[in-house]
Amino acid sequence: MNRRGILFVVSGPSGAGKGTICKALVDNNPNVFLSVSATTRKPRPHEQEGVHYYFIEEAEFMQRIKDGGMLEHAVFCGNYYGTPKHKVDQMLDAGRDVVLEIEVQGAMKVRSKYPEGVYIFVLPPSMHELKNRIMGRGTEPPEVIDERLKTAAWEYGHITKYNYILLNDSIDKAVERFRAIIKAEGCRVERNTEFIEEVLRS
Ligand code: 5GP
């Protein structure tokens, strides 16, 4: 089947495991491209420039928005985050599926531009577990943890705007479900009209 790539947008509360799931999904799957965002947040100790994020200053971030280089951007807990546009379109045009791991405000902006995209919300097994995961990460001070948990409560209010939930009870199971979603979405009639015509002509 020869078609344009599919855009998958993954949101969910901080600590739900979106990053780990997306990373595990793209490892060993060359047809899926995981977009690297730009942010004004400071890097965490293990984070690498160009791998986890492009870490830039606010002035540069603003310039990129002005130049039309961002597909979307949002403020999350006091920092800017945005998706570089060029690469996403390039990958989709080349037939590769693209995953954006972004928060809810940005996801809703993308949805208005790409209604044909697939919108997935990662759910932790419980709120208790979510809190444990954020605290266990040990990378944020208590007031930031608090803000992230409050933001999580706000984000849950938007679940109905997504197409799928992805329960993260275990990373392996969540990745398997994600793969199933990708497979099913690739088989949708409206994504394969040209292929169907080809088959009918053959
Ligand atoms: P963190 O600081 O934990 O890496 O990310 C905070 C939140 O920002 C997460 O929900 C993450 O998905 C989201 N995020 C990361 N990159 C982007 C982006 O490019 N755009 C938007 N809108 N959110 C992003």
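**Close-up views of the ligand and its pocket**

**Figure 1. The shell around the ligand, by residue class.** The shell around the ligand is made up of 7 charged, 5 nonpolar and 4 polar residues. The structure shown is a predicted model. In total, 16 residues surround the ligand. The closest of these are S37, R41, Y53, Y81 and E103.

**Figure 2. Polar atoms of the protein beside the ligand.** Three side chains are picked out here: S37, E72 and E101. In S37, a polar side-chain atom lies 2.7 Å from an oxygen atom of the ligand. The side chain of E72 has an N or O atom 2.7 Å from a nitrogen atom of the ligand. For E101, an N or O atom of the side chain is 2.8 Å from an oxygen atom of the ligand. On its own, the ligand has 520 Å² of accessible area, and the protein covers 96% of that area.

**Figure 3. The ligand in the largest pocket.** The ligand sits in the largest pocket. Two elements each give two or more residues to the shell around the ligand: β5 (70-76) and β6 (79-84). The volume of the largest pocket is about 1,000 Å³.

**Figure 4. The lining of the largest pocket.** A total of 37 residues line the largest pocket. Those nearest its centre are G19, R44, E47, Y53 and E101. The elements that supply two or more residues to this lining are α1 (18-26), β5, β6, α5 (127-137) and α6 (142-156). Of these, α1 gives the most, with 5 residues. Sorted by class, the lining has 13 polar, 12 nonpolar and 12 charged residues.

**Figure 5. Y53 and E101 in the pocket.** Y53 is among the residues closest to the ligand, and both Y53 and E101 are among those nearest the centre of the largest pocket.

Notes:
Residues numbered from 1 in each chain as written. Predicted model: local features only at pLDDT ≥ 70, side-chain atom pairs only at ≥ 80, totals over all residues. Heavy atoms only, no water. Near = heavy atom within 4 Å. Polar contact = N/O pair within 3.5 Å; in protein donor to acceptor, adjacent residues only side chain to side chain. Areas by Shrake-Rupley, 256 points an atom, 1.4 Å probe, with all protein chains shown as cover. 1 Å grid on protein atoms, 1.4 Å probe; cavity = no way out; pocket = protein on both sides within 12 Å on 5 of 7 lines; lining within 4 Å. Sits in = over half its atoms within 2 Å of the grid points. Helix = DSSP H or I, 4+ residues; strand = E, 2+ residues; numbered from the N terminus. Nonpolar A, V, L, I, M, F, W, Y, C, P; charged D, E, K, R; others polar. Points joined across faces, edges and corners; volume = space filled by probe spheres on them.
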